[in-house]
Amino acid sequence: MINVAVLGLGRVGPSHVRTVHRSSRVSLVAVADAEQAKLDRILAEYPGCAGYNDYRAVLDRADVQAVVICLPHWLHERAAIDAVKAGKHVLLEKPLANSVEECQRIADAVAKSNVKFTVGHTQHFYPAVAAAKRILDSGQIGRTIMGIDTWYKPLEPEKRPAWMLDRKLGGGMMLMDGVHMIDRLLWHIGSRVNSVKAYNGNPIYPEIPADDTAMAFLQFDNGVAITISRIAYRTGITQYGADYFGTSGHLKYRLPYGRHGENGVWIGKNEEWEPVEIAKNDSLVDQFNAFLDAIENNTEPAVSVQHGLEVIRVMEAIERSGETGREVVIER
Ligand SMILES: NC(=O)c1ccc[n+]([C@@H]2O[C@H](COP(=O)([O-])OP(=O)(O)OC[C@H]3O[C@@H](n4cnc5c(N)ncnc54)[C@H](O)[C@@H]3O)[C@@H](O)[C@H]2O)c1
């Protein structure tokens with residue numbers, strides 16, 4: 001039985017604690033959070049578990065084999081490398097880190113280790129996103145030519161921790177949500193992005209030093225062209241999902257977020273939408289099981305450190321293009 005610890009008990013950490021605790025494949029042995037009140041809340045709910053104020057104290061425990069890292073983005077590089085060097089298998093919440101340079105240092109540490117490392121790009125485990133991948137790969141809409149990926153939602157800055165509203169600390173909606181969009185596009189298209197032209201800025205909340213709006217045109221090595229359209233608005237209507245156009249059809253999926261918008265997957269042909277049946281699941285449970293499979297079977301995790309790095313490579317190109325107003329060609 002693998003002993004697991006969850007590091008960071010803010011907005012998302014408690015859901016991972018519940019997932020680990022409910023798993024019959026592992027034991028939840030420790031949790032950490034810098035804020036005592038958050039720690040106390042979790043320890044009251046899971047009395048068998050040990051609590052620490054600093055994640056590094058958990059890494060000192062030889063009986064912990066795997067950690068789920070749910071720390072702020074400004075701590076991702078440091079915590080990921082500390083955990084890998086301590087010999088722990090790691091599931092690190094997305095994004096891998098704040099820049100390609102940081103991601104590369106994590107990837108180097110992973111390459112020198114014997115641990116399994118995966119990035120929590122949870123949307124691989126969303127039924128609609130996974131169904132879209134299966135449909136695209138099956139050729140049902142022919143060869144994919146282009147796509148439009150959108151995410152419109154409220155920013156609600158008053159509900160966010162301060163670090164999320166400061167790009168220097170890893171805040172901004174490109175690192176929060178844009179990375180989800182880039183992740184699913186890279187996965188769906190199965191090719192790398194070679195050029196980006198983007199707008200990226202904070203026109204909605206100019207008083208907040210982090211992006212709230214971005215639009216990007218991505219060109220992939222296999223010829224596919226895709227736009228990302230992303231806004232965290234003051235007021236508006238939620239829309240969340242993507243459309244892909246192929247040589248013999250149209251695929252659309254919409255994800256549940258907030259109270260508005262459609263939810264489902266459809267294939268469009270001859271001016272008719274055919275709904276695609278999708279199963280319900282718990283994406284955090286499926287993601288955690290995939291991580292455990294990689295540890296137990298000694299296989300490469302479904303979402304690798306290299307994939308996490310590629311996501312940030314595209315994100316950084318979007319930021320650079322937004323700053324300069326020019327197309328950024330991604331050199332490798
Ligand atoms: N996959 C998803 O859909 C999804 C959803 C939400 C958040 N996330 C990701 O989860 C991560 C955490 O986000 P969040 O919204 O929970 O942030 P958060 O700020 O609410 O939580 C982070 C926690 O880390 C704690 N912390 C800071 N320094 C620490 C230290 N040295 N030791 C121990 N604890 C420390 C903080 O006290 C805080 O409670 C981010 O990477 C975020 O992008 C992913």
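Start in the middle of a sheet: I148 sits opposite D243 of strand 11. Before going further, bear in mind that this is a predicted model.

**The sheet**

The two strands meeting at that spot are strand 7 (residues 144-154) and strand 11 (residues 239-246), which run antiparallel and are joined by eight bridges. Both belong to an open sheet of nine strands with mixed pairing, and its order reads 14-13-12-11-7-10-9-8-15. Strand 14 (272-276) and strand 15 (328-329) are the edges, each pairing on one side only.

**Two domains**

How is the chain divided? It splits into domain 1 (2-122 + 284-303) and domain 2 (124-281 + 313-329). Their C-alpha centres are 26 Å apart. Where they meet, 15 residues of domain 1 are in contact with twelve residues of domain 2. On the domain 1 side, that contact surface is made up of six nonpolar, seven polar and two charged residues.

**The core**

Nonpolar side chains tend to be buried together in soluble globular proteins. Here, the largest nonpolar core counts 91 residues, and A5, L7, V67 and I69 touch the most other members. Which helix gives the most to this core? That is helix 7 (residues 173-189), with eleven residues. The core also takes at least three residues from each of domain 1 and domain 2.

L7 is a handy place to look around. Leaving out residues up to four places away in sequence, L7 touches A32, Y55, V58, V67, V68, I69, C70, L71 and A79.

Helix 1 (residues 13-22) is worth a look too. Its buried residues are G13, P14, H16, V17, T19 and V20. They pack against strand 1 (2-7), strand 2 (26-32), helix 2 (36-45), strand 4 (66-69) and helix 8 (283-297).

**Around the ligand**

Which residues come nearest to the ligand? Of the 25 around it, those are G8, G10, R11, E93 and P161. The shell as a whole divides into twelve nonpolar, six polar and seven charged residues.

**Loops and backbone oddities**

K94 and P95 are joined by a cis peptide bond, with omega at about -15 degrees. P95 lies in the loop between strand 5 (89-93) and helix 5 (100-111).

Two other loop residues have a positive phi without being glycines:

| Residue | Phi | Loop | C-beta neighbours inside 10 Å |
|---|---|---|---|
| E156 | about 45 degrees | between strand 7 and helix 7 | 10 |
| E271 | about 65 degrees | between strand 13 (264-269) and strand 14 | 6 |

Are these two buried or exposed? E156 counts as exposed because it has 10 C-beta neighbours inside 10 Å. E271 is exposed as well, because its count is 6.

Finally, there's T247, in the loop between strand 11 and strand 12 (249-254). T247 is exposed, since 10 other C-beta atoms lie within 10 Å, and the cut-off for exposed is 12 or fewer. Setting aside neighbours within four places in sequence, T247 is in contact with G142, R143 and I145. R134 is 113 residues away from T247 along the chain, and their C-alpha atoms are separated by 17 Å.

How values were computed:
Residues are numbered from 1 along each chain as its sequence is written. This is a predicted model: local features need pLDDT of at least 70, side-chain atom pairs count only at pLDDT 80 or more; totals for chains, interfaces and linings use all residues. A residue is near a molecule or strand if its C-beta atom, placed from the backbone, lies within 6 Å of it. Ala, Val, Leu, Ile, Met, Phe, Trp, Tyr, Cys and Pro count as nonpolar, Asp, Glu, Lys and Arg as charged, and the others, Gly among them, as polar. A nonpolar core is a set of buried Ala, Val, Leu, Ile, Met, Phe, Trp, Tyr and Cys residues joined through C-beta atoms within 7 Å. A residue is buried if 20 or more other C-beta atoms lie within 10 Å of its own, exposed if 12 or fewer, and partly exposed in between; C-beta atoms are placed from the backbone. Helices (H or I, at least four residues) and strands (E, at least two) are DSSP runs, numbered from the N terminus. Domain bounds come from an automatic or database domain assignment. Two residues are in contact if their C-beta atoms, placed from the backbone, lie within 7 Å. Two strands pair if DSSP finds at least two bridges between them.
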